[in-house]
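Visitor: Hi, I'm new to this one and would like a friendly tour. Could you bring it up so we can chat about it?
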Amino acid sequence: VIWQIPAPDGLSDKAWHLLDIFIVTISALILNPLPMAAVALVSIAVSVVTGTLTLSQGLSGFSDHIIWLVLIAFFLSSGFIKTGFGTRVAYHIIMRLGKTTLGLSYALVIVDFLLAPFIPSVTARGGGIIFPIATALSASYSKHHAKNIDNKNGGFFMKVCFQSNVITSAMFVTSMAANPLAVKLAAEAGIDISWGIWALAALVPGLLSLALMPLCIYFLYPPTVIKSPDAPEIAKAKLKELGAISVKEMIMLLTFLFIIILWIFGGRWGLSATTVALLGLSILIIFRVVDVGDNLKDYGAWNTFIWFGTLLMISSFISSFGVIDWARDHISSVLHIFPASFAIVMLALSYFYIHYFFASATTHIAVLFPTFLALFVDVGMSGSLSALMLSFLSILSSGLTHFGLSSAPIYFGAGYMSAKKWWYIGFICSLLYIAVWTVSGGLWWRIIGLW
């Protein structure tokens, strides 16, 4: 029915048809009439058969380096589990902070925050470092309480860790690859944003968001096991059973540290996050820490690879076909008839929630940042505040869906939560972020002289 509706003025038939396919694909991923990978493959087939995309264009998402980084992150996490190193780390965390599930979640948030300024790949930090620990913690609950008890606890951990990934990625220029692009685009508009100014502006609202977010998710998706007073003693006993660290665990640990170091400093030698991850995986394969056969059987990894690659591809072509430009022009024309304060609110909300159409924060910034920056300045906001606010909104909006940030498919792909629930919690968290960054952020930015 949608297909038969003529394309709106200013939009080509191909762009309109691809938008139709995208909307139906997203709806199917939420309603789940078929497995997610199946929905993605059908979407590619429809795009190609109808002539909306060529076959090469339809399959182009699977050649993106971000897709491979997501896939390799799954494989690296299998090394943590198979060697028992992830379980050992989980037991150590439980031994120190394991009396409450909420306490454990805050421990993971703190780790993410401390790593954020040094690791510019959100997938590497979230999927390669935090995710394996969260996976081991989730599994440990089912072992010590009851079968399948980890489903609720696992869902809680995965959602908290993902939303933490979103917040910390917005707090530092160096915590995500998309952030320097925002700085560059702002500079092209004559606005200078230093690392220090960005971090200072994000400090108060970012820390407050990190403090409130786990409590919000705790209320929306309460874990089955809330208190575990015996958990520290159980963990201590289990660590004794594990004994001394094994050779394979030591290889896993050293490789893990090697990967982290290269994720931090590898850019100086031209090594991308995906290249470093592939190198680390190769080391683990050579020393037989990771089994390729097991990786090929990893349903969650390959399922995520297919559906996320498809969404990234469609999102990219929606931008290149002019759909976003068309929407942006219409928003701009409507806002000019309203007062400045109302226009600012509507611009911010439009920029934030349009991320439902993006599978990449980088694409979101590249396509919309310059125009919205000009619009904010036109309605009376200072250039520095406009650029910083758009930068923060670009990243915070990535927490809306299970594909809005490159680390999202990893946490969602663990299989603990439905897409419908993931989107619902993501939307509620978005309201929290908007409130926190508007109120506390606005007051803080006034204190430090941004407006």
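Guide: Happy to. Let's begin with Ser169, which is buried, with a relative accessible area of 0%. Keep in mind as we go that this is a predicted model.

Visitor: Thanks! Which helix is Ser169 found in?
Guide: Ser169 belongs to helix α8, which covers residues 150-169.

Visitor: And which backbone oxygen lies 2.6 Å from its side chain, I mean the side chain of Ser169?
Guide: That is the backbone oxygen of Asn165, and its partner is a polar atom of the Ser169 side chain.

Visitor: What else does Ser169 touch, leaving out residues up to four places away in sequence?
Guide: With those left out, Ser169 is in contact with Val122, Arg125, Ser175, Met176, Asn179 and Ile395.

Visitor: Let's try another serine. Is Ser397 buried or exposed?
Guide: Ser397 is buried, with a relative accessible area of 0%. Its place is the loop between α19 (383-396) and α20 (408-412).

Visitor: Which backbone oxygen does the side chain of Ser397 reach at 2.9 Å?
Guide: The one of Leu393. The backbone oxygen of Ser394 also lies 3.1 Å from a polar atom of the Ser397 side chain.

Visitor: What does Ser397 touch, not counting residues up to four places away in sequence?
Guide: On that count, Ser397 touches Phe352, His355 and His364.

Visitor: You mentioned α19. At roughly what angle do the axes of α19 and helix α21 cross?
Guide: They cross at roughly 155°, and the two axes come within 12 Å. Helix α21 is made of residues 419-447. Angles over 145 degrees count as roughly antiparallel, so that is the term for α19 and α21.

Visitor: Is that crossing of α19 and α21 left-handed or right-handed?
Guide: Right-handed.

Visitor: Which residues meet there, between α19 and α21?
Guide: From α19 there are Leu385, Phe392 and Leu396, and they meet Tyr433, Trp437 and Trp445 of α21. By type, this contact has 6 nonpolar residues, no polar ones and no charged ones.

Visitor: While we're in α21, what about Arg446: how accessible is it?
Guide: Arg446 sits in helix α21. Its relative accessibility is 49%, so Arg446 counts as partly exposed.

Visitor: How many residues along the chain separate Arg446 from Ala201?
Guide: They are 245 residues apart along the chain, and their C-alpha atoms are separated by 10.0 Å.

Visitor: New topic. How do α4 and α13 cross?
Guide: Helix α4 (residues 65-83) and helix α13 (residues 273-286) have axes that come within 9 Å and cross at roughly 30°. Angles under 35 degrees count as roughly parallel, so these two helices, α4 and α13, are described that way. The crossing of α4 and α13 is left-handed.

Visitor: Which residues make the contact between α4 and α13?
Guide: On the α4 side they are His65, Trp68, Leu69, Ile72, Phe75 and Leu76. On the α13 side they are Ala273, Thr274, Ala277, Leu278, Gly280, Leu281 and Leu284. The residues of this contact split into 10 nonpolar, 3 polar and no charged.

Visitor: What comes in the loop between α13 and α14?
Guide: One residue there is Arg288, and α14 covers 292-296. Arg288 has a positive phi of about 60° although it is not a glycine. At 65% relative accessibility, Arg288 counts as exposed.

Visitor: Back to helix pairs: at what angle do α9 and α18 pack?
Guide: Helix α9 (residues 178-188) and helix α18 (residues 361-378) pack at about 20°, with axes 10 Å apart. The pair α9 and α18 is therefore roughly parallel, and the crossing is right-handed.

Visitor: Who makes that contact of α9 with α18, and what kinds of residues are they?
Guide: Helix α9 contributes Ala178, Leu181, Ala182, Leu185 and Ala186, while α18 contributes Ala361, Thr362, Ile365, Ala366, Phe369, Pro370 and Leu373. They divide into 11 nonpolar, 1 polar and no charged.

Visitor: Last one: where is Leu104, and is it buried or exposed?
Guide: Leu104 is in helix α6, residues 101-115. Leu104 counts as buried, at 0% relative accessibility. From Leu104 to Asp294 there are 190 residues in sequence and 29 Å in space, C-alpha to C-alpha.

Notes:
Residues numbered from 1 in each chain as written. Predicted model: local features only at pLDDT ≥ 70, side-chain atom pairs only at ≥ 80, totals over all residues. Heavy atoms only, no water. Axes fitted to C-alpha atoms, helices over the stretch in contact; angles between N-to-C directions. Helix = DSSP H or I, 4+ residues; strand = E, 2+ residues; numbered from the N terminus. Parallel < 35°, antiparallel > 145°, perpendicular 65-115°, else oblique. Left-handed = near helix turned anticlockwise from the far one by under 90°. Contact = heavy atoms within 4.5 Å. Nonpolar A, V, L, I, M, F, W, Y, C, P; charged D, E, K, R; others polar. Buried < 20%, exposed > 50% of the residue type's maximum accessible area, 1.4 Å probe, protein only. Polar contact = N/O pair within 3.5 Å; in protein donor to acceptor, adjacent residues only side chain to side chain.
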